[in-house]
Every structure is written in C-alpha cells, then in structure tokens.
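Labels such as buried, paired or in contact should be earned. What backs them up here?

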Amino acid sequence: MKTNYDNPLRPQFHFTPAANWLNDPNGMVYYEGEYHLFYQHHPESTIWGPMHWGHAVSKDLVHWEHHPIALYPDHNGTVFSGSAIVDWNDTSGFFDGKAGLVAIYTQTEMIPDSDLSKQRQSLAFSKDNGRTWIPYEGNPVLIDERCADFRDPKVFWHEETNRWIMVLAAGDRLFLYHSPDLKDWTFASEFGAQDGSHEGVWECPDLFALPVKDGDDAKKWVMIVSIGDSEKCPEGSRTQYFIGEFDGVSFKNDNPAESVLWLDHGRDNYAGVTWSDAPDLESKRMFIGWMNNWKYANLIPTDDWRGAMTLPRILSLRQDAEGVRLVQTAAAELEQLRLGTREWNDELVEPGNSLLSGLTDGLYELEAEFELDTAEEFGFKIHAGEKHETVVGYEVAGGKLFIDRSNSGIIDFHSDFGCRHEASLRAEDGVIKLQLWVDRSSVEVFADEGGLVITDQLFPLEGSHGMEVFAKGGTVNLRSLRIHPLKSIYVSKATEAVGQ
Ligand code: FRU
C-alpha cells in the first residue's frame with residue numbers, strides 16, 4: 001500500500017494510520033521498552049465498519065512503526081475497544097509461568113433480523129511482545145444480556161486486593177468487576193447512573209490513582225468516561241472525568257453528582273485512556289485520545305486515511321480552589337522535534353500590528369505569556385491564508401479562552417464543524433499563558449499550566465499556514481513568546497511506501 005505522508009492535511013507529528021479508518025486508541029501497554037498502541041481500525045475503508053485492532057509500536061511515543069493487524073473479527077464478532085496489560089505473574093496461565101501480554105476487548109455480534117447487537121468481553125494473548133495474538137478458546141469471558149451497550153473494558157491490577165479490576169461501560173453507567181485470573185469475572189459494583197453528564201451513551205472508561213500536587217500528596221482516584229454524540233448537543237462526543245476514592249470494590253465520587261468536569265474543552269478529543277504498565281506510572285500517567293468527534297468523524301475531508309490521535313499527554317492532579325483537578329502536559333519526548341527557537345520579549349501588541357506575519361510554517365509549538373492591558377480580545381491567528389484563518393484568542397470581559405474555526409478552511413462537510421467555542425479561564429495576576437501545538441490539521445491549546453486544554457481539528461486550504469499575533473480594541477503586552485518550529489516525524493520517510 002502506498003502512503004503519501006506529504007498530503008497537505010496529513011498530521012506530521014500526530015499518529016495516523018498508514019491508510020483507512022481509525023477511531024479509539026486501544027490496548028495501550030508498555031512492555032520491554034516498547035509502547036504499544038492498538039486502535040479501532042477498518043482496514044478496507046475510510047468509513048467506520050467491521051472493527052479490527054490496528055497496531056503500532058514506538059520506543060519514544062513520537063515515532064511509530066506500523067505493524068500488521070493484531071485482532072480480526074471472528075465467530076464471536078467484530079473487535080471493539082478494550083485494553084491490554086502485562087500479566088507479570090502469569091495469573092491467566094497463558095504463559096507457562098512467565099510474563100506476557102493479554103488484551104481484553106469487546107466483541108460485537110449483530111442479532112439476526114434486528115439492528116441490535118450482543119456485546120461480550122473476550123481475551124487474546126501474545127507470547128512474542130505483541131507481534132502476534134491468539135484469541136482465548138474460552139471466549140467470551142464476560143456476558144451480561146441485560147445491556148445492549150456493554151463494552152470497552154479497561155483492566156488493571158489492584159495491589160491492595162491482589163486481583164484484577166475491570167471497569168466497563170454499560171449503557172448510561174459503569175460496571176466494575178474483579179478477577180483473579182482475567183478469565184473469571186465477578187460483579188463488584190456500578191457507578192454513575194446519577195453522576196456527571198448523560199448527554200450521550202457512556203463509553204471507554206479508565207480508572208487509576210494519582211498523587212495530588214499542592215495538596216497533602218494523598219492519592220485520589222480518577223475515573224475517565226467518554227460520552228457519545230447526541231443530536232441535541234453541538235459539542236458532539238466528549239470526555240468527562242470524576243475524582244474520588246476506590247477501595248477495590250466501588251468508586252465514590254468526591255464531588256456532587258451534578259458536577260461535570262471536562263477533560264478537554266475542544267471538539268476533538270474522544271475515547272482517550274491511559275497506558276498500562278508504563279514506567280513511573282505515578283509521575284507519568286500517559287494518555288492519548290482519538291482526535292475526532294462522532295458528530296462528523298466519518299465526513300472529515302482527509303484523503304486515503306481518516307482519523308488521528310491527540311498528542312501523548314502526561315496526566316497529573318492538582319489541588320485548585322474549586323477542588324482536585326486534572327492537569328495535562330504534552331509528553332516531554334516531543335521536544336526532540338524542535339528545530340530551534342525564535343524568541344520575543346515585551347512586545348506591545350496593538351490593532352494592526354503584525355509581529356509574526358513573516359512566519360508561514362505550519363508546524364510548530366508556541367509558548368506565550370500575555371499581560372492584560374486595554375485590549376478587549378487578543379491571541380493568535382493560525383493557519384491563516386488570504387481568506388481563511390483560525391483564531392485562538394482570549395476574550396477579556398467574559399474571561400473566556402476560545403477557538404474560532406468558523407472560517408478555518410474546509411468546514412462544509414458538517415454544519416456543526418465551523419464554530420466558535422470557549423471555556424472559562426481566569427487571568428491569574430492579569431496574566432494569560434498559552435501553549436499551542438499546531439499541526440497541519442489540528443491545534444491543541446494548553447492554558448492554566450495544563451489545567452485547561454482545547455483540542456480541535458482544522459482543515460485549512462492549501463498554502464494557509466500564516467500566523468499572526470493580534471489585539472482588538474486596545475493593546476496587550478506580550479511578555480514573552482517562544483516559537484519552536486517542529487520537524488515532521490516522517491522527515492526521513494516522506495512519500496515512502498509503508499506496508500501493512
Ligand atoms: C467509542 C466507541 C466504543 C466502541 C468503539 C467502536 O468511540 O463507540 O464504545 O467500542 O467506538 O468502534
């Protein structure tokens with residue numbers, strides 16, 4: 001299969017499949033120096049269809065090597081989302097007393113003459129570092145005929161109770177199970193029927209503990225839950241999280257049931273979960289999400305591939321005035337892509353000022369610190385061309401960080417794509433700090449030291465790679481600005497043939 005990584009919309013430092021359809025990240029596990037990334041994949045089309053697990057491997061979370069498909073549909077159905085773990089002590093008995101990799105995933109089978117499906121959980125194991133997978137002959141290992149939506153198992157080892165825990169999406173809530181050996185599962189509890197947002201079906205949960213920075217360093221448990229698209233909701237599919245306690249049986253939400261915490265305030269970060277068994281899990285809980293939205297996922301105007309992942313991010317917890325909150329930081333490994341740094345300090349930005357109008361490179365990381373002055377609005381115009389631009393700005397009166405992609409280029413594939421959306425951001429001591437990662441068809445904005453993240457896809461017209469810093473209705477002081485042009489992860493293999 002020929003793959004043209006030089007296509008003008010092909011992300012240059014985000015993971016994409018060599019060709020065809022990609023949705024959720026699956027089975028993320030670290031083992032013997034390799035990060036494995038599996039993903040929902042339709043190998044014959046750029047439209048969602050019978051799901052397989054695509055597979056890629058990386059040593060640095062930045063450069064990925066494509067591998068053959070890991071899991072194919074079989075007599076139990078197609079292969080939906082799930083997780084993978086290292087079975088260090090061979091609790092499953094698959095590995096002759098040694099360690100090995102086990103994938104736990106949903107298999108979906110249509111019920112004949114209906115549009116309903118049966119969803120059950122299955123296992124597959126690998127004795128050769130994830131290169132080949134053997135579905136377990138006793139599949140499926142977990143069935144519950146009560147729920148039609150019963151999927152996306154995330155499994156981890158719970159030290160305190162010495163057993164595996166599975167958290168699973170079951171319609172509008174989560175079910176938790178435990179097991180000594182990954183094969184026999186016992187129902188433990190349920191969570192969420194009354195908690196958080198229920199604007200869509202619940203999918204792709206994750207559950208893990210992290211220490212709280214700036215608190216008393218006690219640990220808190222984080223439950224991540226993605227919620228599907230609903231026609232009523234212009235935001236489409238998105239991801240929420242809960243902070244609480246987990247005792248090996250049930251999860252207890254620390255916040256009032258009606259409180260909703262969004263993991264990302266953009267439109268394009270869905271179904272994200274974290275890597276299992278990665279080094280320094282407590283300080284480096286690595287997350288990656290699908291950079292798309294079910295509202296228009298099948299329609300985005302890319303060529304022979306459809307779908308990308310977000311940047312890999314480290315998750316941590318911080319004690320804020322409002323409570324414990326999730327903080328995201330782009331993985332430090334991305335620094336290797338920097339081609340250098342251009343720097344400005346103490347520039348007064350005024351309407352009409354075009355500090356960066358000479359910059360036309362579409363790939364960069366940018367770090368900026370603004371000090372409020374008289375401007376009503378300020379920020380950056382990115383992927384700017386003669387007629388189009390995307391605005392990443394701060395609106396002072398309302399205290400809102402926004403992305404306006406209503407004139408960003410190709411937007412006509414769905415009526416909800418071309419929008420402006422915003423999130424509240426306080427200017428601490430009159431200062432706004434932003435970090436932007438601009439790839440050919442996306443922008444990720446980190447504000448409030450990672451406490452607020454906005455991830456959006458953009459489809460600029462060819463040649464629209466200009467950028468500008470702007471102020472409206474007055475001036476703003478740009479205390480510092482550093483731009484790091486980034487090299488493509490394909491530098492040495494642009495337009496090369498990649499076999500699948
Ligand atoms: C989330 C999701 C999962 C499911 C998979 C199917 O995006 O709907 O719930 O397992 O995608 O591809």
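The turns below test labels on this predicted model.

Q: Why is Asn20 called buried?
A: Buried means under 20% relative accessible area. Asn20 has 14% relative accessibility, so Asn20 counts as buried. Asn20 sits in strand 1.

Q: What makes the link between the side chain of Asn20 and the backbone oxygen of Pro43 a polar contact?
A: The cut-off for a pair of N or O atoms is within 3.5 Å. A polar atom of the Asn20 side chain lies 2.8 Å from that oxygen. The pair therefore meets the distance limit. The Asn20 side chain also reaches the backbone nitrogen of Ser45, at 3.4 Å.

Q: Which other residues is Asn20 in contact with, leaving aside neighbours within four places in sequence?
A: Contact needs heavy atoms within 4.5 Å. Among the residues that qualify are His41, His42, Asp304, Trp305 and Arg306.

Q: How do you know that strand 6 and strand 7 pair?
A: Pairing takes at least two bridges. Strand 6 (residues 101-110) and strand 7 (residues 117-126) are joined by 10 bridges, so they pair. The two strands run antiparallel. Thr106 stands opposite Gln121 in strand 7.

Q: What makes strand 5 and strand 8 edge strands?
A: The open sheet has 4 strands in the order 5-6-7-8, with antiparallel pairing. Strand 5 (78-86) and strand 8 (134-135) each pair on one side only.

Q: Why is the largest nonpolar core said to lie between domain 1 and domain 2?
A: This core has 41 residues, and those with the most contacts inside it include Phe13, Trp64, Leu334 and Trp437. Strand 1 supplies the largest share, 4 residues. Both domain 1 (2-8 + 18-332) and domain 2 (338-485) give residues to the core, so it lies between them. Nonpolar side chains tend to be buried together in soluble globular proteins.

Q: What does Leu334 touch, not counting residues up to four places away in sequence?
A: Leu334 touches Val62, Leu311, Pro312 and Trp437. A second, separate core of 35 residues includes Tyr364, Phe378, Ile403 and Val469.

Q: How do you know that the ligand has a polar contact with the side chain of Gln40?
A: The limit is within 3.5 Å. An oxygen atom of the ligand is 2.7 Å from an N or O atom in the Gln40 side chain, so the pair qualifies. A polar side-chain atom of Glu203 lies 2.8 Å from a ligand oxygen. A polar backbone atom of Ser81 is 3.1 Å from an oxygen atom of the ligand. The ligand is surrounded by 13 residues, and Gln40 is among the closest.

Methods
Residues numbered from 1 in each chain as written. Predicted model: local features only at pLDDT ≥ 70, side-chain atom pairs only at ≥ 80, totals over all residues. Heavy atoms only, no water. Core = buried A, V, L, I, M, F, W, Y, C linked by side-chain atoms within 4.5 Å. Buried < 20%, exposed > 50% of the residue type's maximum accessible area, 1.4 Å probe, protein only. Domains from an automatic or database assignment. Near = heavy atom within 4 Å. Polar contact = N/O pair within 3.5 Å; in protein donor to acceptor, adjacent residues only side chain to side chain.
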